[in-house]
Amino acid sequence: MAEIIFDVRKPESDSEWQAYFQCRWEILREPWDQPKGSEKDEHDADAYHVMAVDHDNGDVIGVGRIHFNSPAEAQVRYMAVKEEARKHGIGSLILTQLEQYAIKHGAKKIMLYARENALDFYLRRGYFSQGPAHNLYGKIPHFSMTKTIEK
Ligand SMILES: CC(C)(COP(=O)(O)OP(=O)(O)OC[C@H]1O[C@@H](n2cnc3c(N)ncnc32)[C@H](O)[C@@H]1OP(=O)(O)O)[C@@H](O)C(=O)NCCC(=O)NCCS
């Protein structure tokens, strides 16, 4: 497996934000025939976002977001890594950076709704499953998961 050199950071310029949302849409919405715009929600403005950038070509190859539901609870959403870049540690680094941001800003608990295919990924990163949640588009089962921040 060829090594991928990448870094994970906040999107900054307009073109980086465009590439960030494009990546989110291509991985999490397009395969289910969802229109452009369906990859965004009302928390984007106040959330913290990161993207993984491939050093070779500058492509955005992974994204993730975290926002606060309350002063103590943060929620991870829109974690996605391009298929060809998976299993290189990109998703883990995105998640770690989102968690570090939330902890620094007072989170005592982090929650998320995991797609069934990502359940094991989160279990191995300290999240506990609270059981089945919604079924996105009637096709993608999700599980409610939480991680308590230890001091
Ligand atoms: C879930 C997802 C974000 C994980 O991203 P990723 O970049 O593959 O994550 P990582 O590479 O950090 O970890 C995946 C596995 O690869 C392993 N891995 C990491 N680097 C590796 C390497 N160099 N060689 C081999 N395996 C490696 C990790 O250990 C991990 O396995 P583990 O869970 O058994 O520990 C990605 O699979 C994805 O985008 N899925 C589709 C969209 C989706 O479902 N998103 C979640 C919505 S809730």
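This report describes the fold, the nonpolar core, the surroundings of the ligand and a few loop residues of one protein chain.

The structure is a predicted model. Its protein chain holds three helices and seven strands, and read from the N terminus these elements follow the order β-α-β-β-β-α-β-α-β-β. Along the principal axes, the C-alpha atoms of the chain fill a box of roughly 40 × 35 × 35 Å. A compact globule of 151 residues would have a radius of gyration near 15 Å, and because the protein chain has 15 Å, the two values agree. Buried residues account for 28% of the 151 residues. Of the contacts between residues at least 6 apart in sequence, 56% join residues that are at least 24 apart.

**The core and helix 1**

In soluble globular proteins, nonpolar side chains tend to be buried together. Here the largest nonpolar core has 34 residues, among which M51, A52 and I94 touch the most other members. The elements that give two or more residues to this core are strand 1 (6-9), helix 1 (14-28), strand 2 (48-54), strand 3 (60-68), strand 4, helix 2, strand 5 and strand 7 (140-148). Strand 4 supplies the largest share, which is six residues. Taking I94 as an example, and leaving aside residues up to four places away in sequence, this residue touches V8, V50, A52, G62, G64 and M79.

Helix 1 has 15 residues and reaches 21 Å from its first C-alpha to its last, which is close to the 21 Å expected at 1.5 Å a residue. Its buried residues are Y20, F21, C23, R24, W25 and L28. An α-helix has 3.6 residues a turn, so residues three or four places apart point the same way. The buried residues of helix 1 are covered by elements that include strand 2, strand 3 and strand 4.

**Around the ligand**

The ligand is surrounded by 18 residues, and the closest of them are V81, R86, K87, G91 and S92. Strand 4 (73-81), helix 2 (90-104), strand 5 (109-115) and helix 3 (119-123) are the elements that give two or more residues to this shell. By type, the shell divides into eight nonpolar, five polar and five charged residues.

**Loop residues**

Three residues outside the helices and strands can be set side by side, each with its loop and with the number of other C-beta atoms that lie within 10 Å of its own.

| Residue | Loop | C-beta neighbours within 10 Å |
|---|---|---|
| D33 | between helix 1 and strand 2 | 8 C-beta atoms |
| K87 | between strand 4 and helix 2 | 8 C-beta atoms |
| D56 | between strand 2 and strand 3 | 11 C-beta atoms |

A residue counts as exposed if 12 or fewer other C-beta atoms lie within 10 Å of its own. D33 therefore counts as exposed with its 8 neighbours, K87 is exposed because it also has 8, and D56 is exposed because it has 11.

The backbone of D33 has a phi near 60°, a positive value in a residue other than glycine. K87 likewise has a positive phi, of about 65°, although it is not a glycine, and K87 is also one of the closest residues to the ligand. As for D56, its C-alpha atom is separated by 7.3 Å from that of I5, a residue 51 places away along the chain.

Definitions and conventions
Residues numbered from 1 in each chain as written. Predicted model: local features only at pLDDT ≥ 70, side-chain atom pairs only at ≥ 80, totals over all residues. Near = placed C-beta within 6 Å. Helix = DSSP H or I, 4+ residues; strand = E, 2+ residues; numbered from the N terminus. Nonpolar A, V, L, I, M, F, W, Y, C, P; charged D, E, K, R; others polar. Core = buried A, V, L, I, M, F, W, Y, C linked by C-beta atoms within 7 Å. Buried ≥ 20, exposed ≤ 12 C-beta atoms within 10 Å, placed from the backbone. Contact = placed C-beta atoms within 7 Å. Rg over C-alpha atoms; globule rule 2.2 N^0.38 Å. Expected span 1.5 Å × (residues − 1).
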